[in-house]
Structure formats: structure tokens, C-alpha cells
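Here are my notes after a look through this one, set out as numbered points. Have the viewer open as you read.

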Number of protein chains: 2
Amino acid sequence: MLTYEEMQYFAAFAQYGTLTEVAEKYTISQPTITRAMKKAEETFGVPLFNRTRNSIALNDNGRLAAEEIRLLLKQTDEMVDRVRSYDRASRTISIGTAAVIELPGLISRISRAFPQKAIVSEPGLPADLERGLTEDRYQLVILPYDLSSKKGKKGQTSEFYAKAIGEEHLLFYLPVHHRLARRKKLKLADMNGENMLLFSDIGFWSEIVHRKMPDSRVLMQNERYTFRELIENSVLPCFVTDLSLKGMKDITGRTAVQITDPEVNVTYYLTCRRNMLYQLQAVFA
Amino acid sequence: MLTYEEMQYFAAFAQYGTLTEVAEKYTISQPTITRAMKKAEETFGVPLFNRTRNSIALNDNGRLAAEEIRLLLKQTDEMVDRVRSYDRASRTISIGTAAVIELPGLISRISRAFPQKAIVSEPGLPADLERGLTEDRYQLVILPYDLSSKKGKKGQTSEFYAKAIGEEHLLFYLPVHHRLARRKKLKLADMNGENMLLFSDIGFWSEIVHRKMPDSRVLMQNERYTFRELIENSVLPCFVTDLSLKGMKDITGRTAVQITDPEVNVTYYLTCRRNMLYQLQAVFA
DNA sequence: ATGAATTACGGACCCCGTAACGATA
DNA sequence: TATCGTTACGGGGTCCGTAATTCAT
């Protein structure tokens, strides 16, 4: 049977057409390539080349063999990759989160539960997180709804397990002189049409906002520090969440107003597939 | 990368569980197996085994790797087989035929048209032949109908090309004293209910006979010489075809009676896929 | 103490590169 | 004559088997 390298030479010959080029490409001698081609022929047991005394080219068999070998090389590489990925995944817990602000203490609690594993946390939209969870790219996801009851068909237990781990509430953050700044509560619709300043890394919130305030134009800003500067020095209304406010020192001249729409007052659920529950129970305890 | 042999050793270890057994199975020394396992581990770059000083077993990675390698070995074998088959097919013309009697001169004509190719002819039922033709297991098939017009969708040219190459007619072969022996023509239905002697290797004819003579019982005989003996020494009616009669010397005390049902008076069509027509034109000329 | 895997070591063989050769354009 | 493929040859490295070692049952 051909070695991996010999298969590479063969595939390369199909691509380049001359043994010399292949030898140069791999910085080895031509005789080695000649020998590899001979070995290919004897491995398959059928003629693969049309030869004259000083030229060599693939025949029909050879063209098929080259295609097949190219595929086998690919399959080989992918096979190795799969094993490596499996190993990597076994040493890693991947967490996908819809919450922009890191939920306090969660990562450290997980990392204490699995001291030998690396914790990888990445943000994403709920739909992507759900997909990632079912495709085993995430062991845990944080969703702004209870997936275990959402997908549960009549009485039969859901494929997912979810546990509430915190709340987050979107607020209007208005200049004190804004016409609505002194209200206790507002609906998103009350601000529809007003231009808003938006921190672009706002995740799943933005979809809701666009839907409920279709007439508002939004000024995006994706640099966190600049965003804060803008808030302090402009009179444009903007959004904040209670969680993000907690870590920030107060901004004078702005006041937070509660929004009553239920969609923007979410409970986060730490979610996993039920078949992983046993291994992850320490996280939910 | 692992060699084919090293992959075999690894797969075998997954099966047998000890290096010693693998070494015995392949009649080589244990150290060779040890080294192959080390090389596997270094190729994948991840731990594959749980080891103590004198025991070794696959871990989770190893079990996956073994499964993957088993698959890759299979893919490798199949790849080589495909190339070999392709070569073999390129040196062979495979003919499938629904005609039980070899059509005179056809094989020799084909073999003269392709002197460098081997001709393989095998009998089959029309449905199998059609499938074999579309799946390239046959380059030519002989069918008792015109496939090119049968499958031709409204105006658009068929995928197949067919040319009539001969006829065959099923006949009743009756003892001269049979009550219907003196008729010029009969229908299958006229004999329905009578027990018939049947040469079992009768191919597609038998389906028609069973359908048109559902009340007849048939006595099968698959030994050609015995069949002839039976005909000569019994008064059971039976079938023959005009083509098969031609090669036989007459049997006294039997007379052939024409059957008028169109289904048992067939024209044979030599059929190929249209994309092969150019290479096969000599056969049809 | 038997049987397992690993390590050590020596030799054979394989495989590669250099060089020479042959053929073709 | 320059280029390409094949053949010849020699040396180094690799790979295998034997034997010794270590550990566990």
C-alpha cells in the first residue's frame, strides 16, 4: 500500500503533469518520484500511465486513481482532525451566552466545578446558541428563555434541561431634560420614532428593539469607551440594562426609566442537553 | 502519518485488546506493535491509551480513533477496488441478455468489433438488465422490447439506443394425440388449466405464462438433457421457442403450434446507453 | 512465577540522493 | 543540446527481531 507521502506525490503529479515539478515542489529528488509512481502502479495492480522513454502521463486509470487518492488524502486529514477535535472538546467546556454582560460568578463557579477543564465562553444570538447546543459545539448555553419548556412536546420530557440563573432588564437611559425622563415606566412604543444611540454589541436585544420601535433610527457605536463618552456628552436617548449599570459608575445628567414590555425583561436560563446533565450537575447545584 | 499496516495493527488492537494477540495475529514481534501504537499516538498528537507499566488499553480518544481508522481502512480498500474495477471494465464488454438462446452470430460480431476486449455475456430478467445498464454494469443488453421508445418522454430523445436484432416466438409443443395438436394457432388461454412441463431456465417467458395461464400447474425441470428425455417419453404438453427448435433435431410424436398472444412473440433489441453509442457503433453497424 | 508491555541493542534492509544513462524535442 | 524519465550504486537511516527489564496478577 502507498504511504501518505507517496499518495501526495501521486496527487501532485496529477496536478503538475511532470515528475520534475513534483520533486521540486517537495524538494526531493526525481528518482524518488519515479519510484513512488512505480509503487502506485504496483499497488493498484493496473497500468496508470502512458509512458515513452522520457515522458510520462496519466491514462484513464491514472486519472481515476488520482481523483480517488485526492479524496482519500482528504478523508485521512479529516479523520485525524476529528480525533484531535474530540480530544480538545473533552478538555474544554464551551459556553455560549446570549447575555452581553458576563453573569457574575458563573464562570468561576463552572471553573471550580471542572478544575481540569478549560472554559471557553462566547457570545451569540439565541438561534445560533440553540443550534450549537444540539450540535454539541456548546455544552452549556445561556438563553433569555426557558428552552426546556419551550420545546417540550405534550407531556414528554424535553431534550433540554434549563435553570434560571438571573434576570436582566432593558432600560431607557434618558437625559434628565428629556420630555419623558420623569416617567416611572415607559413602553418601547412610547419612544418609537426617536433616534437612539445604540451600543452595537447588544446581542439579542436589538432584534426586539427594531421590531417594537420600527420608526426609530439608531446610531451604532461599537467601541465601548467611545460609547460612554457619547452618552456623557450628548442628549440622545439610549439603552442600558440594569446589569450593565451595576458595573458602571453613575453618569450625571442621565436617568434610567423602566420599560414595561415583557420581551425586554428577561430571565436567563443556564441550559444543557439532558444527556449531559449527569456530568454537568455540579454546575447546576 | 501511519502506514496501512500500522493502521491495521491499531484496528486489530481495538478488537483484541492486547498487543501480544495482535502480534500473534500478524506473526510479528510485540515490540513492533508497541512502536506502531506509539506512532499512532504521535500522529494524532493526543493520548490514545491508558497505560500502566505492563498494561495498555484504549481511552475515549483511542476508541474513536480506532473506529475512524477502521473506516479509513475500508475506504482505502474500496478505493483500490474501484480503480481495479474501472480498469477491468475498460477491458471488458459486459452483455446482459433476456434471450435464453444465444442469438446466432452476435457475440462473434461484437468480439470482432473489439478484438482487444473480453466479452462477458450473462442472462438476466429484463428489469435487472435495465438497472444494470443504467448503472454501467452492462454496456449492452438484449431486451424483448424497445427500451428507447418505451422510456422516451414526449418528443425528447431517450437516454437509450436500441436496434432490433431478431425475433423469437413461443410455441406449444404438443403430443400429436393431444386434443388441440391439430390446430394451426392457439391462445395461451386455450391451454389454461393444463399441466405443463417447463424448462426452468426459461427467463422472462415464465412470468408471462404464469400470468396468462394462472390455473395451470407446471412441472419444473432444470436439467436440459433430462428435459429432452421427458419430452420424448411423456404426453405432457410443453413450451418451446422457434429459436430453440432450430438447433434441435426433431422429436417424433410432437408438433409445434403457434401461439397468437403478442406477448410471447417478441422482437429482441440490442440496447445501449446513448452516451456509449459512439464507442459501440461498430456493434450496431 | 507467568504474562504483559516497554526498553535496549544489533543487524538487515529499505529508501533516498548522486550520478550516469537514454531518449526526445 | 537541454530536458525529462529511468537505472545504477552507495551510504545512512529506519525498522525489525532478540533479549533484557519491569511490573502486575
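1. Let me begin with the largest pocket, since its lining is a real mixture: 7 nonpolar, 7 polar and 6 charged residues. Keep in mind throughout that this is a predicted model. The pocket holds about 500 Å³ of space. Its lining runs to 20 residues, and those closest to the centre are B:Tyr86, B:Ala89, B:Ser90, B:Lys117 and B:Met276.

2. Which elements build that pocket? Two or more lining residues come from each of H4 of chain A and, in chain B, H4, strand S3 (92–97) and helix H11 (277–284). H4(B) gives the largest share, with 4 residues.

3. Now for the enclosed space. The count gives 1 cavity of 30 Å³ or more, and the largest cavity contains about 100 Å³ of space. It is lined by 14 residues, with A:Met7, A:Thr76, B:Leu2, B:Met7 and B:Thr76 closest to its centre. By class, that lining has 11 nonpolar and 3 polar residues, and no charged ones.

4. Both chains contribute to the cavity wall: helix H1 (4–16) and helix H4 (60–90) of chain A, and helix H1 (4–16) and helix H4 (60–90) of chain B, each supply at least two residues. H4(B) has the largest share here, 3 residues. You will recall H4(B) from the pocket, where its share was 4 residues.

5. On to the DNA, starting with strand C. It is surrounded by 17 residues, and A:Arg53, B:Leu19, B:Thr20, B:Arg51 and B:Asn54 are the closest. Of the strand C atoms within 4 Å of the protein, 66% are sugar or phosphate, and the rest belong to bases. The residues in this surface split into 5 nonpolar, 8 polar and 4 charged.

6. Some strand C contacts to check by eye: the side chain of A:Thr32 has an N or O atom 2.7 Å from a phosphate oxygen, and the side chain of B:Thr20 has one 2.6 Å from a phosphate oxygen. B:Asn54 goes to a base instead, with a polar side-chain atom 2.6 Å from a base nitrogen of strand C. The elements supplying at least two residues each to this surface are helix H3 (30–44) of chain A plus helix H2 (19–26), helix H3 (30–44) and strand S2 (55–58) of chain B.

7. What about DNA strand D? There are 17 residues around it, and the nearest are A:Thr20, A:Arg51, B:Ser29, B:Thr32 and B:Asn54. Sugar and phosphate make up 73% of the strand D atoms that come within 4 Å of the protein. The class split for this surface is 5 nonpolar, 8 polar and 4 charged residues.

8. In the strand D contacts, a polar side-chain atom of A:Arg51 sits 2.4 Å from a phosphate oxygen, while the side chain of B:Ser29 places an N or O atom 2.7 Å from a phosphate oxygen. B:Asn54 turns up again, with a polar side-chain atom 2.8 Å from a base oxygen of strand D. Helix H2 (19–25), H3 and strand S2 (55–58) of chain A, along with H3 of chain B, give two or more residues each to this surface.

9. Finally, the overall form of chain A. Its radius of gyration is 30 Å, against near 19 Å for a compact globule of 285 residues. The C-alpha atoms fill a box of roughly 95 × 45 × 35 Å along the principal axes. Chain A has 11 helices and 12 strands, and 42% of its 285 residues count as buried.

Terms used: Residues are numbered from 1 along each chain as its sequence is written. Chains are lettered from A and ligands numbered from 1 in the order in which they are written. This is a predicted model: local features need pLDDT of at least 70, side-chain atom pairs count only at pLDDT 80 or more; totals for chains, interfaces and linings use all residues. Side-chain values use heavy atoms; hydrogens and water are left out. A residue is near a molecule or strand if one of its heavy atoms lies within 4 Å of it. A polar contact is a pair of N or O atoms within 3.5 Å; within protein, one must be able to donate a hydrogen and the other to accept it, and residues adjacent in sequence count only if both atoms are side-chain atoms. Ala, Val, Leu, Ile, Met, Phe, Trp, Tyr, Cys and Pro count as nonpolar, Asp, Glu, Lys and Arg as charged, and the others, Gly among them, as polar. On a 1 Å grid over the protein atoms alone, a cavity is a set of points where a 1.4 Å probe fits but cannot get out, and a pocket is an open set with protein on both sides within 12 Å along at least five of seven lines; lining residues have an atom within 4 Å of a point. Grid points are joined across faces, edges and corners, and a volume is the space filled by probe spheres set on the points. The radius of gyration is taken over C-alpha atoms; the globule rule is 2.2 Å times the number of residues to the power 0.38. Buried means under 20% relative accessible area, exposed over 50%, partly exposed in between (1.4 Å probe, protein chains only).
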